Amino acid sequence: GLTLEVLPRWRGDLLLVLSGVAYASYSLLGRTVLTDANAATVTARSIAWGAVVMAPLAAAEWLTGARPSVTPTAVAATLYLALVITAGGYLVWNWALARVEASRAAPFLTVQPAVGALLGALVLGEPVTGFTAAGGALIVAGLWMTVTGRR
């Protein structure tokens, strides 16, 4: 449950909630500009604007003395995150969003945390707690109810 050990992480939890709100806003607002032909252009512009917004934050972090460790593994991981996960993920999402309504596509985003927890357990050996299992079950049940139209 909620303990003093978990409580200090509320800022991260709040950022995750705000991230969900931002992504939902992006999807709803983006749907109005997407067409079958411009998903790549919208994705490229979104990433460029995201970089512009993040640049001052990166500069502030740099000025505090935080420096990245440039190793072959770090470069490969960064390129994977940038190209496959971010650019590829947004491109596929925008391509799909141009073809279906946001309200139809959005429920599938709820699977992300469950897949992340599952991969963390399988790949990294992270523990699966009762809260993790219950959260995953609620996600799957909610998605099932949304897709089938049940209450």
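Reader: How many helices and how many strands does the protein chain have?

Author: Good place to start! In this predicted model, the protein chain has six helices and zero strands. Read along the sequence, the pattern is α-α-α-α-α-α.

Reader: Why is Ile85 called partly exposed?

Author: Set the value against the cut-offs. Buried means under 20% relative accessible area and exposed means over 50%, with partly exposed in between. Ile85 has a relative accessible area of 43%, so it is partly exposed. You can find Ile85 in helix α3, which covers residues 72–97.

Reader: What makes Ile85 eligible for a surface patch, and which residues make that patch?

Author: Patch residues need over 30% relative accessible area, and Ile85 has 43%. The nonpolar surface patch is made by Val70, Val75, Leu79, Tyr80, Leu81, Leu83, Val84 and Ile85. Its area is about 780 Å².

Reader: And why does Ala133 count as partly exposed?

Author: The reasoning is just like before. Ala133 has 45% relative accessibility, which lies between 20% and 50%, so Ala133 counts as partly exposed. Look for Ala133 in helix α6, residues 130–148. The C-alpha atoms of Ala133 and Gln112 are separated by 14 Å, and these two residues are 21 residues apart along the chain.

Reader: How do you know that the span of helix α2 agrees with what it should be?

Author: Helix α2 holds 25 residues, 39–63. The expected span is 1.5 Å times one less than the number of residues, so α2 should span 36 Å. The end C-alpha atoms of α2 are 36 Å apart, and therefore the two values agree.

Reader: Where does α2 have a kink?

Author: The kink lies at Met54, shortly before the proline Pro56, and comes to about 35°. Just after α2, you will meet Gly65, which takes a positive phi of about 105°.

Reader: Which residues of α2 are buried, and what do the buried residues pack against?

Author: Ala39, Val42 and Thr43 are buried in α2, which means that each has under 20% relative accessible area. The buried residues of α2 pack against α3.

Reader: What share of the protein chain is buried?

Author: Of the 151 residues in the protein chain, 13% are buried. The accessible surface of the chain comes to about 11500 Å², and 72% of that belongs to carbon and sulfur atoms.

Reader: What are the dimensions of the box that the C-alpha atoms fill?

Author: Taken along the principal axes, the box is roughly 55 × 50 × 25 Å.

Terms used. Residues numbered from 1 in each chain as written. Predicted model: local features only at pLDDT ≥ 70, side-chain atom pairs only at ≥ 80, totals over all residues. Heavy atoms only, no water. Patch = residues over 30% accessible without salt bridge, like charges linked within 9 Å, V, L, I, M, F, W, Y side chains within 5 Å. Areas by Shrake-Rupley, 256 points an atom, 1.4 Å probe, with all protein chains shown as cover. Salt bridge = Lys/Arg side-chain N within 4 Å of Asp/Glu carboxyl O. Helix = DSSP H or I, 4+ residues; strand = E, 2+ residues; numbered from the N terminus. Buried < 20%, exposed > 50% of the residue type's maximum accessible area, 1.4 Å probe, protein only. Bend = angle between axes of the 7 residues up to and from the residue. Contact = heavy atoms within 4.5 Å.
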